[in-house]
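Please look over the sequence and the structure shown below before reading on. The report then takes up a few of their features in turn.

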Amino acid sequence: MIERRFEPNAASSQVKSFSARKENRMSLARVWIGALTAAGIVFGATTGLRSQPAPSAPPAVGIVEAAKRPITETSEFLGRVEAVNRVNVVARVSAFLEKRVFDEGAEIKKGDQLYRLERGPFEADLASKQAQVAQLQATLDNAKLTAERARILLSGPAGQQSTYDAAVANQRSLEAQVLAAQAQVQASQINLDYTDIRSPIDGKIGRTAVTEGNVVSSGSGVLTTIVSQDPMYVTFPVSVRQGLELRERYATRGGFDAVVIKLRLPDGRLYGQTGKLDFVNNTVTQNTDTFTVRGAIPNPTLHDPSTTGGPVRELIDAEFVTVLLEGVQPVEVLAVPRAAVLSDQQGDYVFVVGPDNKAEQRRVQLGQSTPALASVISGLSAGDKVIAEGVQRVRPGQPVAPGPASAQLQATMKAEPGDGGTPAAGSAARAPKAVGSGK
């Protein structure tokens with residue numbers, strides 16, 4: 001039998017050692033819990049402080065007083081350049097084309113030779129007709145002598161009235177035949193002259209449609225085209241509504257003389273010459289409800305022809321351009337900087353500074369405007385302090401810190417009346433009076 005013995009002292013010491021380790025672990029846990037709790041309190045306090053921003057100062061804004069300013073009235077249309085004179089050159093007789101004399105694409109003068117046709121058959125026909133005239137003329141001279149002798153014999157017993165009458169009738173018949181032959185000579189001479197085709201106008205000539213060696217006739221179609229170069233027409237359609245507005249605006253100021261034409265070329269550049277209106281069509285196109293307006297504008301050479309191989313001009317026939325109708329004299333309108341005008345679904349509006357330096361929203365109706373200035377028909381009065389800079393940070397009823405607008409903005413507004421009043425890009429969205437105008 002195995003005897004087990006227990007030693008009370010050893011067991012007691014083990015129990016005490018386990019209890020001590022357990023107490024140490026609990027103490028360590030309490031320390032960590034306290035530390036985490038303190039960190040949470042500090043983090044919460046810090047977060048609470050950050051979520052409460054300090055009150056901000058009123059936004060600084062630049063203001064401009066609404067005042068009467070000179071502005072150039074401008075309306076914008078789409079148009080095309082047209083040559084004043086256009087000639088389609090055709091053959092008047094049937095003949096072989098012997099030679100083309102001109103250079104394609106060159107500028108030519110009135111009377112310059114273009115084509116030379118075969119002349120031989122026409123010269124022979126002319127000589128034949130001239131011979132017929134000579135033959136009839138000789139016969140007529142003899143008939144005149146016969147009629148004169150018959151008239152003399154009437155005074156004697158041998159004369160007969162019937163003989164004299166027959167001689168006179170034969171003379172008159174021959175005179176008529178001579179006139180007919182002379183007309184045939186003239187027709188042959190005209191046909192001979194048609195073999196030498198010349199330019200009827202000054203202008204720029206196009207490419208030839210028929211080459212040398214081919215037979216040409218009046219049914220051959222156009223041989224080439226000549227278009228005049230200086231001046232040029234510019235035509236553009238105007239709606240009836242816009243036409244009535246333009247008439248009301250300029251009729252009492254001189255009509256056609258109250259406006260000038262400026263052109264914006266396809267590359268966006270402004271053409272250096274100005275033109276004048278000279279024609280308004282007398283009927284309205286039914287399917288578009290527009291009528292055609294035309295003006296004339298100079299088209300001088302750009303460079304010395306001796307250095308460029310020929311004249312070079314800016315405007316080309318049938319070229320697509322933007323037409324700007326500008327008033328000759330600026331008009332006084334209540335205006336504000338265009339940068340101050342904002343838009344929403346309800347229309348245009350501006351912010352003005354009230355007596356207590358609070359922003360007030362004002363609904364406005366715009367009239368004729370320019371890239372830098374917007375004319376105001378209603379909604380503002382002279383002297384109103386309009387916010388032109390920093391307007392993006394402003395809300396209705398918000399206090400602001402007003403100050404004068406920048407010198408650059410004020411200088412732009414002062415220089416605006418002399419720049420031609422070109423409509424700004426995108427301004428058509430706020431144009432209540434004319435589509436495409438600078439209002």
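What follows is a short report on this structure, which is a predicted model.

## Overall make-up

The protein has 439 residues, and 35% of them count as buried. Its secondary structure consists of six helices and 23 strands. The surface that the protein exposes comes to about 25900 Å², and 54% of this area is supplied by carbon and sulfur atoms.

Contacts can also be sorted by how far apart the partners are in the sequence. Taking the contacts between residues at least 6 apart in sequence, 75% join residues at least 24 apart.

## Helix 2 and helix 3

Helix 2 covers residues 120-153 and helix 3 covers residues 161-194. Their axes come within 8 Å and cross at roughly 165°. Because an angle over 145 degrees counts as roughly antiparallel, helix 2 is roughly antiparallel to helix 3. The crossing of helix 2 with helix 3 is left-handed. What kinds of residues make up the contact of helix 2 with helix 3? They divide into 16 nonpolar, 14 polar and six charged residues.

One residue of helix 3 is Ile 190. Ile 190 has a relative accessible area of 37% and is therefore partly exposed. Its C-alpha atom is separated by 9.4 Å from that of Phe 122, although Ile 190 and Phe 122 are 68 residues apart along the chain.

## Backbone exceptions

Most residues other than glycine have a negative phi, and most peptide bonds are trans. Three places in this model depart from those habits, as described next.

The peptide bond that joins Asp 230 and Pro 231 is cis, with omega at about 0°. Pro 231 sits in the loop between strand 11 (224-227) and strand 12 (232-239).

Asp 289 is not a glycine, yet its phi is positive, at about 55°. This residue belongs to the loop between strand 14 (276-280) and strand 15 (290-297). Is Asp 289 buried or partly exposed? With a relative accessible area of 45%, Asp 289 is partly exposed. Asn 357, also a residue other than glycine, has a positive phi near 60°. Asn 357 is placed in the loop between strand 19 (347-353) and strand 20 (359-366). At a relative accessible area of 34%, Asn 357 is partly exposed.

## Two residues of helix 4

Helix 4 runs over residues 240-250 and contains Val 240. Val 240 counts as partly exposed, since its relative accessibility is 26%. Which residues does Val 240 contact, leaving aside its neighbours within four places in sequence? They are Val 284, Asp 289 and Phe 291. Asp 289 was met above as a residue with a positive phi. The C-alpha atom of Val 240 is separated by 9.6 Å from that of Thr 288, which is 48 residues away along the chain.

Gln 242 also lies in helix 4. Its relative accessible area is 9%, so Gln 242 is buried. From C-alpha to C-alpha, Gln 242 and Thr 290 are 9.1 Å apart in space, while in sequence they are 48 residues apart.

## A buried loop residue

Leu 380 is found in the loop between strand 21 (373-378) and strand 22 (385-389). Why does Leu 380 count as buried? Its relative accessible area is 10%, and buried means under 20%.

Setting aside residues up to four places away in sequence, Leu 380 touches Ala 66, Leu 334, Val 336, Val 350, Val 352, Arg 362, Val 364 and Val 386. For one of these partners, Val 350, there is also a distance to give: the C-alpha atoms of Leu 380 and Val 350 are separated by 9.1 Å, and the two residues are 30 apart along the chain.

Notes
Residues numbered from 1 in each chain as written. Predicted model: local features only at pLDDT ≥ 70, side-chain atom pairs only at ≥ 80, totals over all residues. Heavy atoms only, no water. Helix = DSSP H or I, 4+ residues; strand = E, 2+ residues; numbered from the N terminus. Buried < 20%, exposed > 50% of the residue type's maximum accessible area, 1.4 Å probe, protein only. Contact = heavy atoms within 4.5 Å. Areas by Shrake-Rupley, 256 points an atom, 1.4 Å probe, with all protein chains shown as cover. Axes fitted to C-alpha atoms, helices over the stretch in contact; angles between N-to-C directions. Parallel < 35°, antiparallel > 145°, perpendicular 65-115°, else oblique. Left-handed = near helix turned anticlockwise from the far one by under 90°. Nonpolar A, V, L, I, M, F, W, Y, C, P; charged D, E, K, R; others polar.
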